[in-house]
Amino acid sequence: MELFRKATLMLRPRHVLGGSAKAVGIALGFILFALAWSGLSRNYAAEGKAVLFPSPQAVWAVAMDYMGVGPKTAVKVLEARASAPSPAAADFAEDAVRAEAREDLKILGLDLKVSFRRVCIAFLLAALVGVPLGLFIGAYHWFESILQPVTEFIRYVPVPALVPLLIVVFGIDEAPKLMLIFIGTVFQIILMTSDEVRRVPMDLVHLCYTLGGKSSEVVFKVMLPAALPGIFDALRLSNGWAWTWLIVAELVAANEGMGYRIVRFQRYLDTDKLFFYLIILGLIGLLLDLLFRLLNRSLFRWAATDKR
Amino acid sequence: MSLEISQITKTYTTRRGSTEALLPTTFTVDPGEFVSLVGPSGCGKSTTLYMVAGIEAISSGSIRLNGQEITRPGRDRGMVFQGYSLMPWLNVEENVKFSHQLAANIKQEGTMSQVLSHYAYADRLIEIVGLADFRKSLPRELSGGMKQRVAIARALANRPQILLMDEPFGALDAQMREEMQELMLLLSIHERTTVLFVTHDVEEALYLSSRVLVYSPRPGRIIEELVVPFDRDRLLDIKLTPEFVQLKRRLLHLLHGSSSQDRASILMRLQDPANYSPINR
Ligand SMILES: Nc1ncnc2c1ncn2[C@@H]1O[C@H](COP(=O)(O)OP(=O)(O)OP(=O)(O)O)[C@@H](O)[C@H]1O
Ligand SMILES: [Mg+2]
């Protein structure tokens, strides 16, 4: 009865969970996710189409193979050794198999490096352009009247629709991919930054003036620092978008990168590897999100909100 | 050296039409005076103060400080708002010294010794308002009263010619409010600060001020000027003396001349069978 009362208490809106209860919740979420996934894959397997939708275990095995300790590698090593005429030849054959397995890992590393570089360059550029523009839009009404409506308009042009144009204009090198990510994020950053700046209390602005502040000081010594935690959070959100646009760009035209590899896997029906890449993309997003949050919390201790 | 307000009016124009907030209003504040504006809610007290601060434009009339027309905010008029309006990212000391890093002040301070004396003055103010132990605390770690002490110290650290305060203690509990009133009174005496103070707490106005101006309901105008007859250096106990209570009653009557009418109309509405509500029955 007591337990029941506690449980119902926990279910109320805004009720803050303790550490262990939260951990149970998180675990439950992932377990349900895995169950749904394996249920689906079993359906496919029953129809003999396991290759179309691999099970969690199959993807786990692929992940292990990438590390060189998976079942496929082990089987290949055994086969290679068995068909070798001498112990020395067996060692040689095993090395060859293991090198082949390492090749996959190397490709993954390359894909990650290329994709990270694209996102980093384009996203940094977008932040460098978007944050100052957003700051000025939020601070100056005359600037807002010039830029805001145009920005809103462009933001609502679906970014993938720009791909053909970008390819025509920039060719198929790095430029169109960077531009797609840049365009896809810069307008979001501008608008979210300007919103944050507009939210700075008017009292603080007035106060700066009555202390003798100039306009530029109001903008850079009051509005910017006051809005910075919010701007940082806007960057966290648009970083997520940057990865989305990266994949869009790489699906269309690329010779390496996470998105390109996913298309390759599709073509050769390597769906287990495809799933593995998807999971890596999800993990990257999760990690970057966490990183942004931690940075935000440690940089802007003054803005931390209490949960209660 | 004084603040001269002559025939200022304010009309707010919004999409739904225009609101007359202030009828022609004239008064002066002499150096060292502590003048309070009291009046019912919405009568234009804050509007008056904001126009003096240069934050709100005046519709007509003129405001002069030392003969100079006021058109925009300036460091000669310090401001303390009802909301604490501290920079949340700066600690107590940085908040108090915020004005020191503004170009206008750096230019005016000139020599190194002047700069240092400004810093020393700010440090002294932090001690005077009783926050010496909280120099490094962030605003979110302070109580409402402490935040308002910081705001006062910050305004004074800039050495304004007049301090403008808009219901600075309005959000504090009764006890903290009295503590702050005492601090403010002694500060204004010892630092010879000129203060224009907005409140709707009649007792607060009487206790702090050398002069009280009473506004009519909106559209506001001054209906009474009261020179407070007590010695400036007064104790909190003065609030209990018959003279004080009598003055307080007079001001309250001016403010709530219609309060017996209000009571009657509320009772009428309560007892009207058309408004009968079955709650608690
Ligand atoms: N920005 C504005 N736009 C339109 N009307 C306004 C604006 N600010 C104030 N008013 C109107 O002007 C009148 C005076 O407002 P003001 O804030 O000066 O009152 P107040 O005396 O300070 O009242 P309170 O004691 O409630 O603070 C009010 O009736 C209000 O509705
Ligand atoms: Mg007001």
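## Around the ligand

How do the residues of the shell around ligand 1 divide into nonpolar, polar and charged? In this predicted model, the split is three nonpolar, seven polar and three charged. There are 13 residues around the ligand, and the ones that come nearest are B:Ser41, B:Lys45, B:Ser46, B:Thr47 and B:Arg218.

As for where the shell comes from, two elements of chain B each supply at least two residues: strand 1 (3-14) and helix 1 (45-53). Helix 1 of chain B gives the most, with three residues.

## Polar contacts and burial

Let's look at the atom pairs. The side chain of B:Ser41 has an N or O atom 2.5 Å from an oxygen atom of ligand 1. B:Gly44 joins in through its backbone, where an N or O atom sits 3.0 Å from a ligand oxygen. On the nitrogen side, a ligand 1 nitrogen is 3.5 Å from an N or O atom in the side chain of B:Tyr12. Ligand 1 on its own exposes 630 Å², and the protein buries 65% of that.

## The nonpolar cores

Now for the greasy parts. The largest nonpolar core runs to 97 residues, and A:Phe276, B:Leu3 and B:Leu196 have the most contacts inside it. Helix 10 of chain A (residues 215-252) puts in the largest share of this core, 15 residues.

Take B:Leu196: setting aside neighbours within four places in sequence, its contacts include B:Leu3, B:Phe27, B:Val29, B:Leu49, B:Val52 and B:Ile162. Then there's a second, separate core of 48 residues, with B:Val92, B:Leu172, B:Met184 and B:Leu255 among them. In soluble globular proteins, nonpolar side chains do tend to be buried together.

Methods: Residues are numbered from 1 along each chain as its sequence is written. Chains are lettered from A and ligands numbered from 1 in the order in which they are written. This is a predicted model: local features need pLDDT of at least 70, side-chain atom pairs count only at pLDDT 80 or more; totals for chains, interfaces and linings use all residues. Side-chain values use heavy atoms; hydrogens and water are left out. A residue is near a molecule or strand if one of its heavy atoms lies within 4 Å of it. A polar contact is a pair of N or O atoms within 3.5 Å; within protein, one must be able to donate a hydrogen and the other to accept it, and residues adjacent in sequence count only if both atoms are side-chain atoms. Accessible areas come from the Shrake-Rupley method with a 1.4 Å probe; for residues, only the protein chains shown count as cover. Helices (H or I, at least four residues) and strands (E, at least two) are DSSP runs, numbered from the N terminus. Ala, Val, Leu, Ile, Met, Phe, Trp, Tyr, Cys and Pro count as nonpolar, Asp, Glu, Lys and Arg as charged, and the others, Gly among them, as polar. A nonpolar core is a set of buried Ala, Val, Leu, Ile, Met, Phe, Trp, Tyr and Cys residues joined through side-chain atoms within 4.5 Å. Buried means under 20% relative accessible area, exposed over 50%, partly exposed in between (1.4 Å probe, protein chains only). Contact means heavy atoms within 4.5 Å.
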